[in-house]
Structure formats: C-alpha cells, structure tokens
Amino acid sequence: MKPMVGNSLTLGTTLGKTVKQPQAADQIPLSAMTSNKPTGPEYRVLSQNDSCFNGQFSSRLLAQELNRLAQKGWKVINMGTATAYTEDGTEYHELMILLERNRG
C-alpha cells in the first residue's frame, strides 16, 4: 500500500503531528467519574439523651463515648446547651455536642 501525500491521515499522526496516546496513569478511572458517594465532611450531634447513655448520663460515660467515636475519626467541633421541653411543658437544658469527620 502506497502512503498518501498531502492532508492525509496516517496511524499515530494528524496532519503531520503526532497524536499522544493516553497512558494508563493519564486516565481517570471510570469509577471516579461515576461515583455517587458524597465527599467532604459529615456531621453528627451527640446529646445526653442518646441511647448510648441508657438514661444514665455522666461525665465518665460521655468521655467513653467520645473516645469510642474518636477512634472512628470523629472530633468535637462545638458544644452547648439547647432548651427543650417535656411533654407536660417543663423546660430543661440538654447538652448538645457537634462532631465532624471526613468521609471516606
């Protein structure tokens, strides 16, 4: 087969310029382009009424729970109290702790 002259295309070139073929390291994995996983931080609110305290909130149990969550990547970023009301309308203050970790 005779090569064509002029503005012809040949394998590996486009109008006389070499076309770079993508290498494996240059390619983005398909899973990265189609992933529906959320990215960035996620948050959790811990309160004295959470089931982990079994209705017996104490500073010792709070420390145990925070240490358990820290092993899973959670860190405390803020804490305070929130005003809440019982069914009969009695006001009380509930400790709220905001935790954050990176997804993944």
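Visitor: Which residue's side chain is joined to the side chain of Asn-49 by a polar contact of 3.1 Å?

Guide: First, this is a predicted model: local features need pLDDT of at least 70, side-chain atom pairs count only at pLDDT 80 or more, and totals for chains, interfaces and linings use all residues. Residues are numbered from 1 along each chain as its sequence is written, and side-chain values use heavy atoms, leaving out hydrogens and water. A polar contact is a pair of N or O atoms within 3.5 Å; within protein, one must be able to donate a hydrogen and the other to accept it, and residues adjacent in sequence count only if both atoms are side-chain atoms. At 3.1 Å, the partner of Asn-49 is Glu-94.

Visitor: Where is Asn-49?

Guide: Helices (H or I, at least four residues) and strands (E, at least two) are DSSP runs, numbered from the N terminus. The protein has two helices and five strands, in the order β-β-α-β-α-β-β along the sequence. Asn-49 sits in the loop between β3 and α2.

Visitor: How far apart in space are Asn-49 and Met-96, C-alpha to C-alpha?

Guide: In sequence, 47 residues separate Asn-49 and Met-96. In space, C-alpha to C-alpha, Asn-49 and Met-96 are apart by 9.4 Å.

Visitor: Back to Glu-94: which side chain of opposite charge is nearest to it?

Guide: Glu-94 lies in strand β5 and is buried (under 20% relative accessible area; exposed is over 50%, partly exposed in between, with a 1.4 Å probe and protein chains only). Its side chain makes a 2.7 Å polar contact with that of Ser-47, but Glu-94 has no salt bridge (a side-chain nitrogen of Lys or Arg within 4 Å of a carboxyl oxygen of Asp or Glu). Lys and Arg count as positive and Asp and Glu as negative, while His and the chain ends are not counted. For Glu-94, the nearest side chain of opposite charge is 12 Å away and belongs to Arg-44.

Visitor: And how far from Glu-100 is Lys-75, its nearest side chain of opposite charge?

Guide: Glu-100 is found in strand β5 (residues 91-102). A polar contact of 2.9 Å links its side chain to that of Tyr-43. Glu-100 is buried yet has no salt bridge, and the distance to the side chain of Lys-75 is 4.4 Å.

Visitor: Which elements give two or more residues to the largest nonpolar core?

Guide: A nonpolar core is a set of buried Ala, Val, Leu, Ile, Met, Phe, Trp, Tyr and Cys residues joined through side-chain atoms within 4.5 Å. The largest one has nine residues, including Phe-53, Trp-74 and Ile-97. Two or more of its residues come from each of α2 and β5.

Visitor: Why is the pair of Phe-53 and Phe-57 called what it is?

Guide: Rings of Phe, Tyr and Trp (its six-membered ring) pair if their centres lie within 6.5 Å; planes under 30 degrees apart count as stacked, over 60 as edge-to-face and the rest as tilted. The structure holds one aromatic pair. The ring centres of Phe-53 and Phe-57 are 5.0 Å apart and the planes are at 80°, so the pair is edge-to-face.

Visitor: Is Phe-53 buried or exposed, and what is its relative accessible area?

Guide: Its ring partner Phe-57 is partly exposed, at 34%. Phe-53, though, is buried, with a relative accessible area of 2%.
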